[in-house]
Amino acid sequence: KDHRIGKMADNAVVESKTAISASKDNVKGVGRLKWPDNPEEIDEYLNQIPLFAKERPSGENMSEAWKMVEAMEAETDPKVKATNLKDNGNECFKAGPKRYKDALEFYQQALDAQCGDRMLEATILVNRALIHIKQENYGKAIHECREALKKNIKNLKAYCRAGIASLALGKKKEAMRWYEHGQKYTGDDFLKRNYVRNLMKKCQIEIEKELEKKEKAKINRNIKAKAEEMVKEAVKLRKLNCGPQTFTGEHKPKLDEKGCLHWPVLFLYPEFLQSDFVQSMHELRSFKEQLGQMFPPAVAPAPWDRKGNYSMGSLEIFVEVKGEAPHTVRRINIDEPLAEGLSAKDFEIQGVPSFMVVSRKSPYLKNFLSNHKLIK
């Protein structure tokens, strides 16, 4: 009886070999198995023949026939195909940035296999997300994580990598929401991982820093607004005629800790169409003192003053005021402080206050006075 069974098994092996060889021209035969001498080894022998096997062998115990069967299944089973493509993608990723493009292509082919295993597809998607993070394509990484969670809401890596990408984009609160959702849907496993706890801690620190920064900015805005109100109040107390643009823009009056105003001032030299800008001039500083720094006696005249007419002791200061005639001006005493010049009658301060400087040594003074109406 054992002899007949052995003969039938041998014939089955030969038939299997013929069938496989016909479908696989490039594959060599599966080989002929030797009938065991020990009757107790007959079941193991038959298990190596796919036609008679009670269970599929694994590892080194797998026969050539079974290896051929698995190869054929891999070509037809979408899950096996997707898994193999995913593994190929993983190998490309491990090879470094130069193979990231190949890895993404393998992952895409794995998804295109439509294996129907949602957990496997979610894993493939989070693998793609990791590559996008490495390439700093954070928006794409978040999209991949969202798609992964549609397939497996408990995919821990999807929450982590979406949080990492959000944090990289500066979206700290959104990153924290990803971590909170991860904890909600994956349970205690989420917080058991050290790198997850570190990510959440980092995110919390960033959020606290941002809140602190916003709070400081709010305090600074309040201080700035209060300071501007104090400046306006100080100007009002001095009964100066200022337009609204005086308190806007980069250059505007400021109040020091002693309650004194410091003004930006523009000195104009109409004879040469030149000017000097003083960023901050104390209201109690005299014109003579300020101009003395700009026209020191021991220094050569300005390049535009070729005749050297503009020197201390020969300078006249005028300010344009509102009057019946156009170009109405008042003469300012050079020994007076800036505060007196600003409070000149009919002087309207629009933005940065400006004063015109002309030399008595220059013939231009006569021309200037003829073109302006001088009032006392």
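## Exercises on pockets, loops and cysteines

The second largest pocket is lined by Lys224, Ala227, Glu228, Val231, Phe247, Lys252, Pro253, Lys254 and Leu255. This is a predicted model, where local features need pLDDT of at least 70, side-chain atom pairs count only at pLDDT 80 or more, and totals for chains, interfaces and linings use all residues. Residues are numbered from 1 along each chain as its sequence is written, and side-chain values use heavy atoms, with hydrogens and water left out.

**Exercise 1.** Find which element gives the most to the lining of the second largest pocket.

*Solution.*
- Start with the term: on a 1 Å grid over the protein atoms alone, a pocket is an open set of points with protein on both sides within 12 Å along at least five of seven lines, where a 1.4 Å probe fits; lining residues have an atom within 4 Å of a point.
- Next, the elements: helices (H or I, at least four residues) and strands (E, at least two) are DSSP runs, numbered from the N terminus.
- H11 and S1 are the elements that give two or more residues to this lining.
- H11 gives the most, with four residues.

**Exercise 2.** State the volume and the lining classes of the largest pocket.

*Solution.*
- The volume is about 230 Å³. It is the space filled by probe spheres set on the grid points, which are joined across faces, edges and corners.
- Sixteen is the lining count to work with: of these 16 residues, Phe295, Ala300, Pro301, Ala302 and Tyr310 lie nearest the centre.
- Strand S3 (residues 274–282) supplies the largest share, three residues.
- Sort by class: Ala, Val, Leu, Ile, Met, Phe, Trp, Tyr, Cys and Pro are nonpolar, Asp, Glu, Lys and Arg charged, and the others, Gly among them, polar.
- The result is eleven nonpolar, four polar and one charged.

**Exercise 3.** Place Glu136, then decide: is Glu136 buried or exposed?

*Solution.*
- Glu136 sits in the loop between helix H6 (118–134) and helix H7 (138–151).
- Glu136 is not a glycine, yet its phi is positive, about 65°.
- Apply the cut-offs: buried is under 20% relative accessible area, exposed over 50%, partly exposed in between (1.4 Å probe, protein chains only).
- Glu136 has 57%, so Glu136 is exposed.

**Exercise 4.** How many disulfides does a search of the whole structure find?

*Solution.*
- A disulfide is a pair of cysteine sulfur atoms within 2.5 Å.
- The search finds zero.
- Now look at two cysteines. Cys92 is buried at 4% relative accessibility. Cys260 is buried too, at 16%.
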